[in-house]
Amino acid sequence: MKFFVTGATGYIGSALVDVLETGGHEVVAFHRPGSDLSALEGRSCEKRVGDLFAVPDLREGMRGCDGVFHVAGNTSWYRGDRAEVWRANVESTKVVVRAMAEAEVKRGVLTSSVSAIGVNGPADRPADERTPHNWPGHFHYPQSKKAAEEAWFGSDPSREMMAVNPATIM
């Protein structure tokens, strides 16, 4: 199979490229102009330069792919980064979904966050997808991840879309 990966030069994205290629899959590694490509050294992936907010750049890279992994994002919790985090996490997701539709890609995996899930409180009641999102509004990162999931899952119901919700990346 062939997969398109946003954020392919980052920590999670480059590890994903490695896993996919090791599994025998073809990969299109999408990155910004000027990205440090050292994490992709030795990989056979097709490196595709483009703008994460440009549907044509994404669409052209996705053509012929069986699935998309949208890994790119911003993990800042700093309140001063609110607009940048929202743009990177929510607006980029909307653009990726539009590009998937135009490229006729029917499968996608969004790298989200455990913070897109609400907080239950008691340790004996773990939170899951059904837990209402109850993070306070001033925590912009969880709000952005929840909104990104809504954009992801609110797209064409004929698509097979899923999200992964890591807690901490080290």
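Angles under 35 degrees count as roughly parallel, over 145 as roughly antiparallel, 65 to 115 as roughly perpendicular, and the rest as oblique. Keep that handy for the first exercise, and bear in mind that the model is predicted.

**Exercise 1: two helices meeting**

Task: work out how H2 and H3 are oriented to each other, and which residues make the contact.

Solution:
- Start with the geometry: the axes of H2 and H3 are 8 Å apart, and the helices pack at an angle of about 50°.
- Hold that angle against the classes above: H2 and H3 are therefore oblique to each other.
- Next comes the handedness, and the crossing of H2 and H3 is right-handed.
- On the H2 side, the contact is made by Val-55, Leu-58, Arg-59 and Met-62. H3 brings Val-95, Val-96, Arg-98, Ala-99, Met-100, Glu-102 and Ala-103.
- Sort these by class and you get eight nonpolar, three charged and no polar residues.

**Exercise 2: a charged pair between H2 and H3**

Task: find the salt-bridge partner of Arg-59, then say whether each of the two residues is buried or partly exposed.

Solution:
- Side chains of opposite charge can pair when their charged atoms come close.
- Arg-59 pairs with Glu-102, with 2.5 Å between the closest N and O atoms.
- This pair links distant parts of the chain, since Arg-59 sits in helix H2 (residues 55-62) and Glu-102 in helix H3 (residues 82-103), 43 residues apart.
- For burial, the cut-off is under 20% relative accessible area. Arg-59 has 18%, so Arg-59 is buried.
- Glu-102 has 40%, so Glu-102 counts as partly exposed.

**Exercise 3: more salt bridges**

Task: how many salt bridges does a search of the whole structure find, and which parts do the pairs of Arg-43 and Lys-106 tie together?

Solution:
- The search of the whole structure turns up nine salt bridges.
- One of them joins Arg-43 to Asp-18, the closest N and O atoms being 2.6 Å apart.
- Arg-43 is in the loop between strand E2 (26-31) and strand E3 (46-49), while Asp-18 is in helix H1 (residues 11-22), so this pair ties together parts 25 residues apart in sequence.
- Arg-43, at 24% relative accessibility, is partly exposed, and Asp-18, at 32%, is partly exposed too.
- Now take Lys-106: its partner is Asp-156, and here the closest N and O atoms are 3.9 Å apart.
- Lys-106 lies in the loop between H3 and strand E5 (107-111), and Asp-156 in the loop between helix H4 (140-153) and strand E6 (160-164), so the parts tied together are 50 residues apart in sequence.
- Lys-106 is partly exposed at 41%, and Asp-156 is partly exposed at 32%.
- Finally, shared partners join Arg-59, Glu-60, Arg-63 and Glu-102 into one salt-bridge network.

**Exercise 4: two residues and their surroundings**

Task: which of the two classes, buried or partly exposed, fits Val-49 and which fits Tyr-141, and what does each residue touch?

Solution:
- Val-49 is in strand E3, and with a relative accessible area of 48% Val-49 is partly exposed.
- Not counting residues up to four places away in sequence, Val-49 touches Phe-30, His-31, Arg-32 and Pro-33.
- Val-49 and His-31 are 18 residues apart in sequence, but 5.1 Å apart in space, C-alpha to C-alpha.
- Tyr-141 belongs to helix H4, and at 8% relative accessible area Tyr-141 is buried.
- With residues up to four places away in sequence again left out, Tyr-141 touches a list of residues including Asn-74, Trp-77, Val-85, Asn-89 and Ser-115.
- Tyr-141 and Tyr-78 are 63 residues apart in sequence, with 8.6 Å from C-alpha to C-alpha.

How values were computed. Residues are numbered from 1 along each chain as its sequence is written. This is a predicted model: local features need pLDDT of at least 70, side-chain atom pairs count only at pLDDT 80 or more; totals for chains, interfaces and linings use all residues. Side-chain values use heavy atoms; hydrogens and water are left out. A salt bridge is a side-chain nitrogen of Lys or Arg within 4 Å of a carboxyl oxygen of Asp or Glu. Helices (H or I, at least four residues) and strands (E, at least two) are DSSP runs, numbered from the N terminus. Buried means under 20% relative accessible area, exposed over 50%, partly exposed in between (1.4 Å probe, protein chains only). Axes are lines fitted to C-alpha atoms, for helices over the stretch in contact, and angles run from 0 to 180 degrees between N-to-C directions. A crossing is left-handed if the near helix is turned anticlockwise from the far one by less than a right angle, and right-handed if clockwise. Contact means heavy atoms within 4.5 Å. Ala, Val, Leu, Ile, Met, Phe, Trp, Tyr, Cys and Pro count as nonpolar, Asp, Glu, Lys and Arg as charged, and the others, Gly among them, as polar.
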